[in-house]
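Here are my notes on this model. They begin with one helix and then turn to how the chains meet.

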Protein chains: 2
Amino acid sequence: MFRPRSTMTVTPGIQTTLLRYQREIQEALRAALQRGHHPTQATNLDPFYGQMQYHLGWVDPSFAPVPLNPGKLLRPTLLLLAYEASGAWGLSEQEGTDYLRRALPAAASVELTHNFTLIHDDIVDNDMERHHQPTLWTIWGSSQGINTGDGMFALGRLALWDILREGVEGEIAARLGTILDRACLIVAEGQFLDISFERREDISVAMYLDMISRKTAALMSCATEMGALLGTRDEATITSLRDFGAGIGIAFQVRDDLLGIWASSAELGKTPAGDIHRRKRSLPILHALEHASAADQHTLHRLYRQETPLNAEEVASILAIFERTNTRAYCLDFLGQQCASARQALANVPRLASANALRALEDMETLIHFVESTVHA
Amino acid sequence: MFRPRSTMTVTPGIQTTLLRYQREIQEALRAALQRGHHPTQATNLDPFYGQMQYHLGWVDPSFAPVPLNPGKLLRPTLLLLAYEASGAWGLSEQEGTDYLRRALPAAASVELTHNFTLIHDDIVDNDMERHHQPTLWTIWGSSQGINTGDGMFALGRLALWDILREGVEGEIAARLGTILDRACLIVAEGQFLDISFERREDISVAMYLDMISRKTAALMSCATEMGALLGTRDEATITSLRDFGAGIGIAFQVRDDLLGIWASSAELGKTPAGDIHRRKRSLPILHALEHASAADQHTLHRLYRQETPLNAEEVASILAIFERTNTRAYCLDFLGQQCASARQALANVPRLASANALRALEDMETLIHFVESTVHA
């Protein structure tokens, strides 16, 4: 089944962007986990929160701390970039990073929400490993996995309300809650489609794109919309930054789909044609099925139904069909359109007389460039 | 594993209370489901929302409408009673029920949240039936079951925000969101404990009471607190009504535990000693284990470990041990304490010069009386 990839080859430019808020986001996540912990005399809830910490990569299965591997924190980073780019309430010229405090609870909230979806995804997909570690449900069972995911969902929501302590007005807070809840519902709609598609062979490109726009992009556009709403009252700016998030969200997914077929392992740490071996029904195969000759369609269906591993010759025949249907060109073109749309959305954001706001916009341009350029390698 | 019972024998007095808002709550639930439905050209999301409607008892597995069986709607009813009792913003003397609109989105929110927990509980407990119908996951699989539960969790949150359209201030809305999110986290803590207890034989009465106060009572006290917050700004009243919800929540559970052992099927539609046959580790067995002689403890452990069905003689020997440990008297006494505490909390609510507010307080007294009296039969 479809699942966003956790690996991302990081070029120096994007590395700077992804590391920019790492410390602050980690601190906000720790504060959120702490906030949820209700000590009790009769019972011990440590293992409940310990499971969450394990999933976040902070502790091992016996709850002993491990060297931190914080992951890329893409969604909270997007939220904070949108916050800065939209003005950060005019605070962003201050020394240090104190002005970030206003947006950090929302950043933690989005990251916890994303991680709740991963905990449940791992159960649904029967995935045994994530980041080369056993998945939560394989250690504590799927019952605890379902429930710890639910707990992280609730905790993600609870973390958001810390914005009230940072002086965010109740009205804005309620609107942020609405944006996040709507995104969560849309992500569940996307997951419903993804699970439904699993046993079907009649999935069109349009259906697939609708699914990923919900399952993957919705939480990214939610992140940039929330960040913008914390940074400005200008509705046009909020809409533009939300649209940027939607575009880059789909682009990231299509990039992964491209790399799943045409990446060379040396460059990107991925198996060439890995998604063919996994028979993953991502964008390339769906495009090829729509545009192949009847004979080629027949071959694709046969090889994707077959239960035995594909041999080199079979993989080559699938790649040859992709060639005949111009599938790679189509995917690259579609990726380019999404990046152009994200870039256009950014162009509509007013340039503020703030070094931090301009730098945030540059960082977002860097992200677009990264998504676009790495697949041309 | 422990699960709140869905059956409730309804006496005429409580029937009036439980039917009071049935129509309005059902309409609010339908509005909430409608609100979540995002039509799309490429894909069909009807079965996603159809699964939710099936769980709520509105449609059959092919999504055809069925005669409505709305369930008892206890939590939203508690919310609306607390709303009325606390003053309903001084609106409750109006004709009709229009003043309820302010609180109905919160009532729908709490009911959807409760139902999300039931969808996941059924998967965790491997339960095949609920209300004599196949559970959601047995029809659509546990992957869709996990996800539809997540979707209903999100929808429950989204439903809340309709209070903004009803004129509830952003600050109050954000506080209501906080109360609900905290309750959801505490419910997940309770579920963590419940799952953890399953394989353990060293569960004390104190641990069990801590578990049910989280898993069962937290959402009831959340409901009365939310209702009160919508009805008044007086913090003492809000606290009292929250405490009423906590007391009645635990009382309902202990009542179920009592009926699970000592109900006669004729009176209450339950198998006598049903929880003994199911070997459910509810309050009576935990109390008996703590107070039995070493020999009786040994007998209890042996019979509860045994995999074969218990015969009449074995059940009788367990009931005899309960007799020797005064377990029924203990449970009745504890139930009485919880009811007294709920009654005391109600006594602290100021009597307003409003017929509706006074009637709501009477309804809450009726609920307490119902919980207390039905187990003495």
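1. Start with α12 of chain A in this predicted model. Its buried residues are A:Leu283, A:Pro284, A:Ile285, A:Leu286, A:His287, A:Ala288 and A:Leu289. The helix spans residues 283–291, and seven of its nine residues are buried, so the rest of the structure largely encloses it.

2. What do the buried residues of α12(A) pack against? Their partners are helices of chain A: α8 (205–231), α9 (235–262), α13 (294–305), α14 (312–324) and α15 (327–347).

3. Next, the contact between the chains. Chain A gives 45 residues and chain B gives 45 residues. On the side of chain B that touches chain A, the elements with two or more residues are α5 (104–124), α6 (136–160), α7 (170–197) and α8 (205–231) of chain B. The largest share comes from α7(B), with 17 residues.

4. The make-up of that side of chain B is mixed. It divides into 24 nonpolar, 13 polar and eight charged residues.

5. How are the two copies related? Chain B superposes on chain A by a rotation of 180°, with 0.0 Å of shift along the axis and an RMSD of 0.0 Å. This is the relation of a two-fold axis. Which residue of chain B comes closest to the rotation axis? It is B:Gly170, whose C-alpha lies at 2.3 Å.

6. The surfaces match as well. Of the interface residues of chain B, 100% are also interface residues in chain A, so the copies meet through the same surface.

Technical notes
Residues numbered from 1 in each chain as written. Chains lettered and ligands numbered in written order. Predicted model: local features only at pLDDT ≥ 70, side-chain atom pairs only at ≥ 80, totals over all residues. Contact = placed C-beta atoms within 7 Å. Helix = DSSP H or I, 4+ residues; strand = E, 2+ residues; numbered from the N terminus. Nonpolar A, V, L, I, M, F, W, Y, C, P; charged D, E, K, R; others polar. Buried ≥ 20, exposed ≤ 12 C-beta atoms within 10 Å, placed from the backbone. Least-squares fit on C-alpha atoms with pLDDT ≥ 70 in both.
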